[in-house]
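These are my notebook entries on one chain, kept in the order in which I looked things up. I began with the packing of helices and went on to cores and single residues.

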Amino acid sequence: MAGEPHNSSGLPPFTLSGLPGLETSQHWMFLLLGALYVVAILGNALILFIIKEEQSLHQPMYYFLSLLSINDLGVSLSTLPTVLPTFCFHLKQISFNSCMAQMFFIHLFSFMESGILLVMSFDRYVAICNPLRYATVLTDARVLQMCVAVLIRSFCMVFPLPFLLKRLPFCKANVLTHSYCLHPDLIRLPCGDITINNIFGLFIVVSTFGLDSALILLSYVFILHSVLAIASREERLKALNTCVSHLCAVLIFYVPMVGVSMAARYGRHAPQYVHTLLSLVYLFVPPMLNPVIYSIKTKEIRRRLCKILLGKNGSTNMRDPYAKILTTVYHLDVDCGTTGVMLACTSPQFPEGELVSRNCCPFYTKTPMAPTVHNFHGLISPHFYFSKSHSESLMKSFRRNVSSTTGFTLTAFPEMENLEHWLAALLLLLYAISILGNTLILFIIKEEQSLHQPMYYFLSLLSVNDLGVSLSTLPTVLASVCFHATEIAFDACFAQMFFIHFFSWMESGILLAMSFDRYVAICRPLRYSSVLTDARVVHMGISIIVRSFCMVFPLSFLLKRLPFCGDNVLAHSYCLHPDLIRLPCGDTTINNMYGLFIVISAFGVDSVLILLSYVLILRSVLAIASRGERLKTLNTCVSHLCAVLIFYVPMLSVSMVHRFAKQAPEYVHQFTSLVYLFVPPVLNPIIYSIKTKEIRRKMHKMLTRPKF
């Protein structure tokens, strides 16, 4: 019976759907889908055959394309056993285990495609931004490791889904809305608690599609930055042309996926066949179009295809603008010292002393050695290629290393020395407002019994955090601006860097916790007291602290392992990681990668989840009939929204100025950084004092001593 619950022992069957409302057109749909399957399977099989046979295509870029073709074959073959029988023979029953298996493979290949597109974007990034290191970075072994990593990640993400579903009771008619099994479709059917399933589903979507799309976007930002630095318009277009196929593959994968998500979220009243068609586009279009796009855009594949179909001969020599560079083994004179090397190129392609690349790192020996001249055979990407005599003279400036570095020199306000007294007065005023304001907020919340609620516990944590930010910067800012004491010890600088970034990461986490508080209060008001208990609030606070500590703790040790051989002049009156990472003369690749990782996993994930919480809040608010009640509900979020904006907007401004306004005067960078560190601690207590009636009343009572 439909109402009788089934669990994993009952293993209820499922009923698939074709195109509800378009039953008379299903034969035409069968012909269309059959043609799409033929194009997808033959096209991808042909791509694999050509790459296998064509020696000039045995390169990382085409190895990744091979994996993409295998994946597209997997997507097509996963849906084929149920789609064609449903539309052609009206066979709509599928057993429980078969449905779970199909769901597993469809989602496995979907997550794999996202990962493959990410590694292909990395291939394009290395080829364009670091062409001389392409052969050493993307070796066959590393390509294999990346492919295995993509497979393992996808498997680990999808593997729990069938088991999380099998534990649930099914007591409905178990009719699916598609002609294949998908997790979002199946999760609607159980009559048990699906909270864990929903949370895990959201987690894997954010950590795969969300993270991959962000990293792909970031790689193209770097690519565009490098391409725009090329002087010749023709060379710029040639470099961008190598990315067209991959960009098309990214768009035809992510655009239908976003379309399906938007339709599921905001088009619930649309006819069911609209959702079915969008889902078919998502699963059918990428496997069909990918081989078409790469056949059109790749000269070697196109030539081989013509040879197969028409019997034409053609040369298979590569015409890649970087091929000549990447296939050449250079003879380099390396001048090694305790801190690095200078390289002299004697390759016929690059005459001695010619500038080759600005965007790369020097080569280092594993053990310190006295300055001598050695020969090195291989592909190296140095800052400059110098002659031996030039390198010997320049090595004199690379004598200091981390063991002899005693400290750093801070910078106050370059080019504005005549205004430093006024700036010192302004900074003192801001510190006073921040420290007094946040201390007052803490005192009022402690004394006012009506404020002993989760929302104000989080506000207390925010005030403590803002005090931490202010007290972290105060010693060096005032010393450098007021007393021109600009020297700071090595360990003291690293300690200050730790606390500044620790409190910044904490603020992001606190704002996320506060957005969760607003979400529960508005969307689940009856469960507010049971969800946000005192114990849970404490756990959330501790989690924020532990997460921030674990992310920031390695930064100091990653920096201390590097040699410092410059003047060690910082660009601010306090120590920040982006400022310090410019000073070492060693390889900072690990530092940069780790810095990017913690930014994405903290600020990136937090901002996305805050945005998601407000989407859900807005949806609940718009469902309220009364306009007055809607405004009253939204008014409870105003303070938090202001706090979010005054934290993230200055942070984005600092990033944009640092990335795109490098030629701006130094004081512009100084001011944007000061706004980021000073504005939130100053404005947060003001905003919450104005917008919170209980805090405002208590403050008025303290100042005027009225008798109630």
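**Entry 1, a helix pair.** I looked up helix H16 (residues 454-482) and helix H19 (residues 534-560), whose axes come within 10 Å and cross at roughly 25°. I take the axes as lines fitted to C-alpha atoms, for helices over the stretch in contact, with angles running from 0 to 180 degrees between N-to-C directions. That crossing angle makes H16 roughly parallel to H19, where angles under 35 degrees count as roughly parallel, over 145 as roughly antiparallel, 65 to 115 as roughly perpendicular and the rest as oblique. The crossing of H16 and H19 is right-handed, a term used when the near helix is turned clockwise from the far one by less than a right angle, whereas anticlockwise is left-handed. On the H16 side the contact (heavy atoms within 4.5 Å) is made by Pro 454, Tyr 457, Phe 458 and Leu 461, and on the H19 side by Asp 534, Val 537, Met 540 and Gly 541. I sorted the residues of this contact into six nonpolar, one polar and one charged, with Ala, Val, Leu, Ile, Met, Phe, Trp, Tyr, Cys and Pro counted as nonpolar, Asp, Glu, Lys and Arg as charged, and the others, Gly among them, as polar.

**Entry 2, the basis.** I note that this is a predicted model, in which local features need pLDDT of at least 70 and side-chain atom pairs count only at pLDDT 80 or more, while totals for chains, interfaces and linings use all residues. Residues are numbered from 1 along each chain as its sequence is written, and side-chain values use heavy atoms, with hydrogens and water left out.

**Entry 3, the whole chain.** I find 25 helices and seven strands in the protein chain, both being DSSP runs numbered from the N terminus (helices H or I, at least four residues; strands E, at least two). Of its 708 residues, 48% count as buried, that is, under 20% relative accessible area, with exposed over 50% and partly exposed in between (1.4 Å probe, protein chains only).

**Entry 4, a second helix pair.** The axes of helix H17 (residues 490-523) and H21 come within 9 Å and cross at roughly 20°, and H17 and H21 are therefore roughly parallel to each other. Their crossing is left-handed, and the residues of the contact divide into 16 nonpolar, six polar and two charged.

**Entry 5, Ser 601.** Ser 601 lies in helix H21 (residues 589-622) and is buried, with a relative accessible area of 18%. Not counting residues up to four places away in sequence, Ser 601 touches Arg 547 and Met 551.

**Entry 6, cores.** The largest nonpolar core, meaning a set of buried Ala, Val, Leu, Ile, Met, Phe, Trp, Tyr and Cys residues joined through side-chain atoms within 4.5 Å, has 84 residues, and Phe 14, Leu 65 and Phe 284 are among those with the most contacts inside it. Helix H3 (residues 96-129) gives the most to this core, with 19 residues. Apart from it lies another core, of 82 residues, including Trp 505 and Tyr 528.

**Entry 7, Pro 287.** Pro 287 sits in helix H11 (residues 272-297) and is buried, with a relative accessible area of 2%. Its C-alpha atom and that of Leu 68, 219 residues apart along the chain, are separated by 8.9 Å.
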